[in-house]
Each structure stands twice: as C-alpha cells, then as structure tokens.
Amino acid sequence: MQPRVHGPADQRCSPHADMAAVEAVLTATHELLWISSPADAQAAAVRLVAALGGVVVTPDAPADDALPVDVSFGEGGTLLPSAPAASVAHMQLVRHLPGFVRDAHRAVELAARTRRLVEEAEIDPLTGLATRRVMGRALGRLRGDDLVIMLDLDRFKQLNDSFGHEQGDRVLRGFGRAIRACVRARDLAGRYGGEEFVVILTGSDGSAGAEAFLSRLRTAWEADRPHPVTFSAGIAGVGSDPSQALPAADAAMYEAKRSGRDRWVWSRAPATGPQ
C-alpha cells in the first residue's frame, strides 16, 4: 500500500479562516490575564482548541492525529488536542497552540506567585492566623452584634528568657493551632503582635458564644501546649461604637492579668474564669 501523500491543497487556509484563528488566539490569550489556577488555564486551552476546529482527547483515545501538547496543566489526566491530519484545523493547532500553552504556563506560575505573596501578606507564617493588617481591616468593618476578644499568653517573656526563642515560637505555633481549631468558619482570628491575639466572633450568640469559644480554647490548649503557659483574655461587645471595641477588650484583658491571669474578663462586667 502506498503511503498517503498530502499536497499543497491539503494545507490551504482561507484568509477568513486565518483571521478567525488569530482572533480566537487573541481572545484566549486575553483570558490568561484573569486566570487564578491551572483549572482556569485548562478551560481556556480547551476553548481555544475548539475554536480552532479541534477536539481534546485523552492519551488512550483512538486519535492518531493528536498533537503532543498537554493542555491539562496538571489538573487531572493528560489532555491532547486533536484534528484530522492535513486538515486546516490540524494546521491551525500546530501553528497557534504551542505558543499559547507556553504563555498559559507562565500565567499559571505568575498566578501562583501572586497567591503566595498575598498569603504572606495576610497570613502570619508562625501561627497560621491572619496578620495584624488583615485584622485591622476587619476591625474597621465590625457590626453591632459582633464580639471582640483580646488574648495574651501569660508570662511569655519569662518562657523566652528561660527556654529560648525556639521554644517560644513553638508555643506560639501551638496556640495559633488551638485557636484555628476552636473558631467557627464565620469568625476571624489573627496574631496582633508578639504573644497577643485578636478574635472577632461575628454575629455572635452573645455572652454564651464567647464563653463557649474560650472554654473550647482552654481545653484544646491545655491538651496540646508544649509548656504550661496559660492565657488571659478580655471580651468586649461592639455595640454602637465599633472603634471602641478593641480598646475595651484590651483593657479587660489587662484587668484579667491584674486579677491573677489564666482567666477572662468582660469589659464593664465581672471577671469570669478560674478562681
């Protein structure tokens, strides 16, 4: 059997088809400005393959004319573009798709880098909690039924002086882990500075919600803490003046310190905690 030979007629592409292909590539490339994940890049590539007249197949599909260009971007299994050999669609895929895929890989890498930078700016690397910057924004958006809790690890400086900063960091990591395990999904917790932490209980269930959270936190912390470090806390409702919630919680926390530590105090309310 003689091998099939494709002549110049097989590769003809009308100016209209060529323009349509260029427009499809430009549209797909524009989409790369907005991608945030490999899945976004994969979706854009699949749309481009279709616009160029091809289909996407898996490696085990019976497609001898598939191009060796993976458009999955690591999201799921390998995906290969395919179109009949010597067709205009095949020619357009060969011409335009590899360059687009290279650009898409760069866009995915840039999106991942941007995401890491955002995380570094918004998540405290030691505790895994929100940074002070994030908490500052959240404190500016408090509602009247929210509660603000200021927490401080007791005698933390003595721990650092006695055991070193490595152990101090270990305590901070553990306390951050305990807070993350105890807050609800709708709440926000952050490291405010040093050994100070702020928790915003949103749409709180009043005093019962704060008491339940702090009781959970004490239990979780005592079960997991690497050193016998306690915490003191101050609680303040937001009410009609959100700007005063954090100062009120801070003042209540210092009152808890003065009254013996290892307890929590409500702003303008009697102290609560172990006696």
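1. Helix 1 has 17 residues, which at 1.5 Å a residue should span 24 Å. In this predicted model, the end C-alpha atoms of helix 1 are 24 Å apart, in agreement with that expectation.

2. Four residues of helix 1 are buried: Ala21, Ala24, Val25 and Ala28. They cover an arc of only 100° around the axis, so they sit on the same side of helix 1. The general rule is that an α-helix has 3.6 residues a turn, so residues three or four places apart point the same way.

3. The face of helix 1 turned away from the buried side carries exposed residues, namely Pro15, His16 and Leu26. Leu26 also helps to make a nonpolar surface patch of about 280 Å², together with Met19 and Val22.

4. Is Val22, a member of that patch, buried, partly exposed or exposed? Val22 lies in helix 1, which runs over residues 15-31. Its relative accessibility is 35%, and because buried means under 20% and exposed over 50%, Val22 counts as partly exposed.

5. On the whole protein: there are eight helices and eight strands. The radius of gyration is 30 Å, well over the 19 Å that the globule rule gives for 275 residues, so the protein is more spread out than a compact globule.

6. Along the principal axes, the C-alpha atoms of the protein fill a box of roughly 95 × 45 × 25 Å. Of the 275 residues in the protein, 43% are buried.

How values were computed. Residues are numbered from 1 along each chain as its sequence is written. This is a predicted model: local features need pLDDT of at least 70, side-chain atom pairs count only at pLDDT 80 or more; totals for chains, interfaces and linings use all residues. Side-chain values use heavy atoms; hydrogens and water are left out. Patches are made of residues with over 30% relative accessible area and no salt bridge: like charges are joined within 9 Å, nonpolar side chains (Val, Leu, Ile, Met, Phe, Trp, Tyr) within 5 Å. Accessible areas come from the Shrake-Rupley method with a 1.4 Å probe; for residues, only the protein chains shown count as cover. A salt bridge is a side-chain nitrogen of Lys or Arg within 4 Å of a carboxyl oxygen of Asp or Glu. Helices (H or I, at least four residues) and strands (E, at least two) are DSSP runs, numbered from the N terminus. Buried means under 20% relative accessible area, exposed over 50%, partly exposed in between (1.4 Å probe, protein chains only). The expected span of a helix is 1.5 Å times one less than its number of residues. The arc is that of the directions from the helix axis to the C-beta atoms. The radius of gyration is taken over C-alpha atoms; the globule rule is 2.2 Å times the number of residues to the power 0.38.
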